[in-house]
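Visitor: I'm new to this one, so could you take me in for a close look at one part? I'd like to start at the ligand and work outwards from there.

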Amino acid sequence: MKFFAINGSPRPKCNTAQLLDKALEGVLDVFPDAHVERINLYDFPFHGCKSCFACKRINGKHYGRCVQNDDLKPILDEIVQADGIILGSPIYLSDVTGNMRCFLERFVFPFVAYSKTEVVEHKRMPLAYIYTMNASEEISYQIGYHDLHDRFEMDLGGVFSKPEHLYVYETYQFKNYSKYVSDAFDEKERKEIRKNQFPKDLESAFELGRKIAIRAKQHD
Ligand SMILES: Cc1cc2nc3c(=O)[nH]c(=O)nc-3n(C[C@H](O)[C@H](O)[C@H](O)COP(=O)(O)O)c2cc1C
């Protein structure tokens, strides 16, 4: 079985990456022999959808598939056959990161049939989404970050399956707060959250991975 984690953070070792790795560990806890792999969306160049509509063309060679032949193409070809996928992204300016959005356009849109009768045949697999952010839980509700997931739930759920999700708040942003203009945050408090809350978040990510693996088992 194959499971992928898609990292929408440009930082390959920070909060989102660590949570995704834990989720993959959760998958391995259920399927010790599974192939698990983290893909970092900032490791290679690619664009979002170019609106060419090759994926919607009547009798088109690329119907239901993205025609763009770049570094993302072989990855898309592989992950659409996956048994489960865990997406993760920091919140940037109240949305997921730019590269994650570009990825989602290419991953999801070709499978959206512009038809009342036709469907695009493809594999449906369990999904999860991990969101990391600077905001506290309270502020994230006030600003409406949770609406973000409602939107993704609709887009991803319509095509693949309703995603499980995990929100991780008040992440540790720098190794050394004293080097940055950051007096909007209480460094001591952030250190406490890192020490006491982040391990619990990692545990939740592990459980999320287990859930995706168990759902994949039920899909079989
Ligand atoms: C360009 C940029 C924009 C950001 N915008 C937000 C934001 O709108 N809301 C928020 O809560 N955090 C924001 N953050 C903080 C990140 O979401 C947060 O630190 C995240 O956990 C970083 O993930 P990483 O450690 O995996 O890179 C922003 C960070 C950057 C670099």
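Visitor: How many Å is an oxygen atom of the ligand from an N or O atom in the side chain of Ser9?

Guide: It's 2.7 Å from an oxygen of the ligand to an N or O atom in the Ser9 side chain. Before going on, a word of care: this is a predicted model, with local features needing pLDDT of at least 70 and side-chain atom pairs pLDDT 80 or more, while totals for chains, interfaces and linings use all residues. Numbering runs from 1 along each chain as its sequence is written, and side-chain values use heavy atoms, without hydrogens or water.

Back to the ligand. Asn15 has a side-chain N or O atom 2.7 Å from a ligand oxygen, and for Thr16 the figure is 2.6 Å. On its own the ligand exposes 650 Å², and the protein buries 78% of that (Shrake-Rupley areas, 1.4 Å probe; for residues, only the protein chains shown count as cover). In total 17 residues surround the ligand, with Ser9, Asn15, Thr16, Ile91 and Thr171 the closest; to be on that list, a residue needs a heavy atom within 4 Å of the ligand.

From here, step over to Pro90, in strand S3. Helices (H or I, at least four residues) and strands (E, at least two) are DSSP runs, numbered from the N terminus. Pro90 counts as buried because its relative accessibility is 9%; buried is under 20%, exposed over 50% and partly exposed in between, with a 1.4 Å probe and protein chains only. Leaving out residues up to four places away in sequence, Pro90 touches Gly8, Ser9, Thr16, Asp95, Val96, Thr97 and Thr132, where touching means heavy atoms within 4.5 Å. So two of our ligand neighbours, Ser9 and Thr16, turn up again beside Pro90. Asn15 is 75 residues away from Pro90 along the chain, yet their C-alpha atoms are 8.4 Å apart.

S3 also leads us into the largest nonpolar core, as one of the elements supplying at least two of its residues. A core here is a set of buried Ala, Val, Leu, Ile, Met, Phe, Trp, Tyr and Cys residues joined through side-chain atoms within 4.5 Å. This one has 38 residues, and Ile6, Ile79, Phe103 and Phe107 touch the most other members. Besides S3 (84–92), at least two residues each come from S1 (2–7), H2 (72–79), H3 (98–108), S5 (127–132) and H5 (145–159). In general, nonpolar side chains tend to be buried together in soluble globular proteins.

Take H3 as your handle on it. The buried residues of this helix include Phe103, Leu104 and Phe107, and H3's buried set packs against S1, H2, S3, S4 (95–96), S5 and H5. Phe107 itself reaches Leu76, Ile79, Val80, Ile85 and Phe160, not counting residues up to four places away in sequence.

Arg106 is another buried residue of H3, and it takes us out to Asp70, which touches Arg106 along with Phe46 and His47, again not counting residues up to four places away. Asp70 lies in the loop between S2 (35–40) and H2, and it is buried because its relative accessible area is 18%.

Terms used
Polar contact = N/O pair within 3.5 Å; in protein donor to acceptor, adjacent residues only side chain to side chain.
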